[in-house]
Amino acid sequence: MSAHLTAFLRFLRLNRNASAHTVRAYQSDLSQFLAHAAAGAAVPVSELGPGALDRYAIRRFVGALHQSGQSRATAARKLAAVRTFLRYLRRESLIDDDPGSLVATPKREVRMPPHLSEEEMTALIGAAAEETPLGRRDRAILELFYASGLRLSEVAGLDLEDVNLGARMARVLGKGGKQRLVPFNTSTANAIRAYLKGRETIIREQEGRAAGQERQEGRSRLSSRSRRRDPLFVNYRGGRLTVRSIDRLVRRYVAASSARSGISPHALRHSFATHLLQRGADLRAIQELLGHARLSTTERYTHVNAAQLLDVYRKSHPRARSSRG
């Protein structure tokens, strides 16, 4: 079975254009499932046959996840990975049916995505007020997060050529290698322009340090740099700002501007979508802006809006205030 799993992961990379992160997630979830199925059949994973992966093995696996305290969302994600793998085995004629379709998906809890209010977002962006190249970079990042609702990985992956300041549009490479065009506002364009002036200073200083070394080595470094993609957001050494670094700087500004805890870069994406919905934006338009493949993913923001409407009702209606019923 290990060989079938390896072939499936290769299929994801080459045929589905899945990212390295997605492939690792599938590998982890499916390795856990195969280990559980092998233990139930009292055989090593290497001797586990495709026929042993029936609906009973899947149900036992989902039950074990529940008993171990895993959330319904986690169980549903792992079950989705199992179903995809089993459909692959069926396509390869290794099994005759689709046992994954016979197992119900655990009903997910409806959780309100964490997000900031409009006032909190204004305070967060205003916290990046340091007039230095890196301070202006941070301001541009926060502005872009809120203006476009980008994922953390999408912000980190932006190159200079992906941003059109005149049209106020960014070309983004999203999940599954899908490209989309995302608009941003004037304040974001101004923040990026201000940052780009300092960015050139950072790049020149880095190139100057490289040129100070042996001339031949310096030529090879500069020529190799010209062949690389030119990142939009760079660190103090002139290299691409990593996902982890962006996450840290967002959390640092949140801590400086708000008493809220647990606010991640993804919460800025939630804030973007929630505020659009509150101001009357169409749900399908929000879906396109966020790059969601399914509308059901975007619909979670309707729960946020409904919860806020209920809160307004309870605070405003005279009889709602006098009774908890």
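What percentage of the 325 residues in the protein is buried? In this predicted model, buried residues account for 38% of the 325 residues. The protein contains 15 helices and three strands. Among contacts between residues at least 6 apart in sequence, 64% join residues at least 24 apart. Two pairs of helices, and a few individual residues, serve here to introduce the structure.

The first pair consists of helix α3, residues 55-67, and helix α4, residues 72-91. Their axes lie 10 Å apart, and the packing angle is about 160°. Angles over 145 degrees count as roughly antiparallel, and α3 and α4 are therefore roughly antiparallel to each other. Their crossing is right-handed. On the side of α3, the contact is made by I58, F61, V62 and L65; α4 contributes A75, K78, L79, V82 and L86. By character, the residues of this contact divide into eight nonpolar, no polar and one charged. A general property of helices is relevant to such lists: an α-helix has 3.6 residues a turn, so residues three or four places apart point the same way.

Helix α4 itself has 20 residues. From its first C-alpha to its last it reaches 28 Å, close to the 28 Å expected at 1.5 Å a residue. Just after α4, S93 takes a positive phi of about 60°.

The second pair brings together helix α6, residues 133-148, and helix α11, residues 265-278. Here the axes are 7 Å apart and the helices pack at an angle of about 40°. That angle makes α6 oblique to α11. The contact involves L142, F145, Y146, A147 and S148 of α6, together with P265, L268, S271, F272 and H275 of α11. These residues divide into seven nonpolar, three polar and no charged.

Is helix α11 largely enclosed by the rest of the structure, or largely open? Of its 14 residues, 11 are buried, so α11 is largely enclosed by the rest of the structure. The buried residues are P265, A267, L268, R269, H270, S271, F272, A273, T274, H275 and L277. Among them are P265, L268, S271, F272 and H275, which also take part in the contact with α6. In length, α11 reaches 20 Å from its first C-alpha to its last, close to the 20 Å expected at 1.5 Å a residue. Just after α11, G280 takes a positive phi of about 95°.

Within α11, S271 offers a closer view of these surroundings. Its relative accessibility is 0%, and S271 therefore counts as buried, the cut-off being under 20%. Leaving aside residues up to four places away in sequence, S271 touches H115, L116, M121 and Y146. One of these, Y146, belongs to the α6 side of the helix contact. S271 and A147 are 124 residues apart in sequence, while their C-alpha atoms are 10.0 Å apart in space.

A contrasting position is found at E288, in helix α12, residues 283-290. Is E288 buried or exposed? With a relative accessible area of 57%, E288 is exposed, since exposed means over 50%. E288 and T298 are 10 residues apart in sequence, and the C-alpha to C-alpha distance between them is 9.5 Å. The two residues thus illustrate both settings: S271 is buried at 0% relative accessibility, whereas E288 is exposed at 57%.

Key
Residues are numbered from 1 along each chain as its sequence is written. This is a predicted model: local features need pLDDT of at least 70, side-chain atom pairs count only at pLDDT 80 or more; totals for chains, interfaces and linings use all residues. Side-chain values use heavy atoms; hydrogens and water are left out. Axes are lines fitted to C-alpha atoms, for helices over the stretch in contact, and angles run from 0 to 180 degrees between N-to-C directions. Helices (H or I, at least four residues) and strands (E, at least two) are DSSP runs, numbered from the N terminus. Angles under 35 degrees count as roughly parallel, over 145 as roughly antiparallel, 65 to 115 as roughly perpendicular and the rest as oblique. Contact means heavy atoms within 4.5 Å. Ala, Val, Leu, Ile, Met, Phe, Trp, Tyr, Cys and Pro count as nonpolar, Asp, Glu, Lys and Arg as charged, and the others, Gly among them, as polar. The expected span of a helix is 1.5 Å times one less than its number of residues. Buried means under 20% relative accessible area, exposed over 50%, partly exposed in between (1.4 Å probe, protein chains only). A crossing is left-handed if the near helix is turned anticlockwise from the far one by less than a right angle, and right-handed if clockwise.
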